[in-house]
Amino acid sequence: MRVLVAEDEKGLADIIGTGLRKARMAVDVVYDGDAALERAMTHEYDVIVLDRDLPEIHGDDVCRRLMEAQVPARIIMLTAAGDLWSKVEGLGLGSDDYLAKPFDFPELVARIRALARRVPTRLQPVLEMAGITLDPAYHEVHRNGRYVALSPKEFTVLEVFMRSGGSVVSVEDLLEKAWDENVDYFTNSVRVTVATLRKKLGPPPVIHTVIGAGYRLVDPGHGAPSGSG
């Protein structure tokens, strides 16, 4: 799950970001409405945590523009105003949920997860390919009936491969979809994660390297594609 946090109180924003990462989410954090709008328009997020009182571009205007652009991410608004009228007004802008400050962090996590389940791509059933079944709802993976214990990052990478339907997935795509903005694009974390994932899935190998392009998930019964290994 990828989340954008837009909050101008930097201390609070960073605390939220750190907490959500511990809750197995990939999180980007911005501190003003201009940055929030730019990120939301150019990156794919499941949920956007949007403070109403943002500088540069007000949170209300950010929400309106995202609605006009039909951005599929779900939006939960944060505000210091907890009265009923403010809540009605916030929801009327197009947000999916509304949370008044101060709030209990576990409630924010629960609301984000509830909203993520409403994102269209999250409604897909259990994924099956190459003898592997991946259940996004229960975070479980089996290969040929054998349970495979994966870390959150390994699970996300495998999910990206399976949703690709056998198409080549570049390193850049993996960094975009499975890591957050804090990743070093010169790191070898993708290679290490893929190597560990291969080992855990066991033989015969199903994740093949496509030289100069990236990786792809292949049904071993169909053989390896040309130019891969």
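## A tour of two sheets and a core

Start by selecting Asp60 and its surroundings: leaving out residues up to four places away in sequence, Asp60 touches Arg52, Met77 and Leu93, where contact means heavy atoms within 4.5 Å. Asp60 lies in helix α3, residues 59–68; helices here are DSSP runs of H or I with at least four residues, strands are runs of E with at least two, and both are numbered from the N terminus. At 10% relative accessibility Asp60 counts as buried, with buried meaning under 20% relative accessible area, exposed over 50% and partly exposed in between, using a 1.4 Å probe and protein chains only.

Before moving on, some notes on the model. This is a predicted model, in which local features need pLDDT of at least 70 and side-chain atom pairs count only at pLDDT 80 or more, while totals for chains, interfaces and linings use all residues. Residues are numbered from 1 along each chain as its sequence is written, and side-chain values use heavy atoms, with hydrogens and water left out.

**Stop 1: the parallel sheet**

Now select strands β1 to β5. They form an open sheet of 5 strands in the order β2-β1-β3-β4-β5, with parallel pairing; two strands pair if DSSP finds at least two bridges between them. Which strands stand at the edges? They are β2 (26–30) and β5 (97–100), and each has a single partner strand, so one side of each is left without a neighbour in the sheet. From one strand to the next, the twist averages 20°; axes are lines fitted to C-alpha atoms, for helices over the stretch in contact, and angles run from 0 to 180 degrees between N-to-C directions.

Zoom in on β4 (residues 74–79), which pairs with β5 in the parallel sense over 4 bridges. Met77, already met as a contact of Asp60, has Tyr98 as its bridge partner in β5. Then add helix α1 (residues 10–22), which lies across β1 (2–6), β2 and β4 and runs at about 175° to β2.

**Stop 2: Asp51**

Stay with this sheet and pick Asp51, in strand β3 (residues 47–51). An unreviewed UniProt entry places the feature "modified residue: 4-aspartylphosphate" at this residue; UniProt positions are given in the numbering used here, feature names are shortened, and annotations may be inferred rather than shown by experiment.

Is Asp51 buried or exposed? Asp51 counts as buried, at 2% relative accessibility. To see what surrounds Asp51, select Ala6, Glu7, Asp8, Gly59, Leu78, Thr79 and Lys101, which Asp51 touches when residues up to four places away in sequence are not counted. The Asp51 side chain also reaches the backbone nitrogen of Asp53 at 3.4 Å.

**Stop 3: His43**

Step back along the chain to His43, in the loop between α2 (33–42) and β3. At 23% relative accessibility, His43 counts as partly exposed. Its side chain and that of Thr42 are joined by a polar contact of 3.0 Å; such a contact is a pair of N or O atoms within 3.5 Å, where within protein one must be able to donate a hydrogen and the other to accept it, and residues adjacent in sequence count only if both atoms are side-chain atoms.

Beyond residues up to four places away in sequence, His43 touches Arg2 and Glu176. Arg2 is 41 residues from His43 along the chain, and their C-alpha atoms are separated by 9.7 Å.

**Stop 4: the antiparallel sheet**

Next, select β6 to β9, an open sheet of 4 strands in the order β6-β7-β8-β9 with antiparallel pairing. At its edges stand β6 (127–129) and β9 (146–147). β6 pairs with β7 (residues 132–135) over 3 bridges, in the antiparallel sense. Here Met129 stands opposite Ile132, and Leu127 has Leu134 as its bridge partner. The hairpin of β6 and β7 has 2 residues between the strands, and Ala130 takes a positive phi near 55°.

Follow β7 onward to β8: 4 bridges join these antiparallel strands, including the one between Ile132 and Arg143. Their hairpin has 4 residues between the strands, and His139 in the turn has a positive phi of about 55°.

**Stop 5: the nonpolar core**

Finish with the largest nonpolar core, which has 27 residues; Leu158, Phe161, Leu174 and Ile207 touch the most other members. A nonpolar core is a set of buried Ala, Val, Leu, Ile, Met, Phe, Trp, Tyr and Cys residues joined through side-chain atoms within 4.5 Å. Helix α6 gives the most to this core, with 6 residues. For a last selection, show Leu174 with its contacts beyond four places in sequence, among them Phe161, Trp179 and Tyr215.
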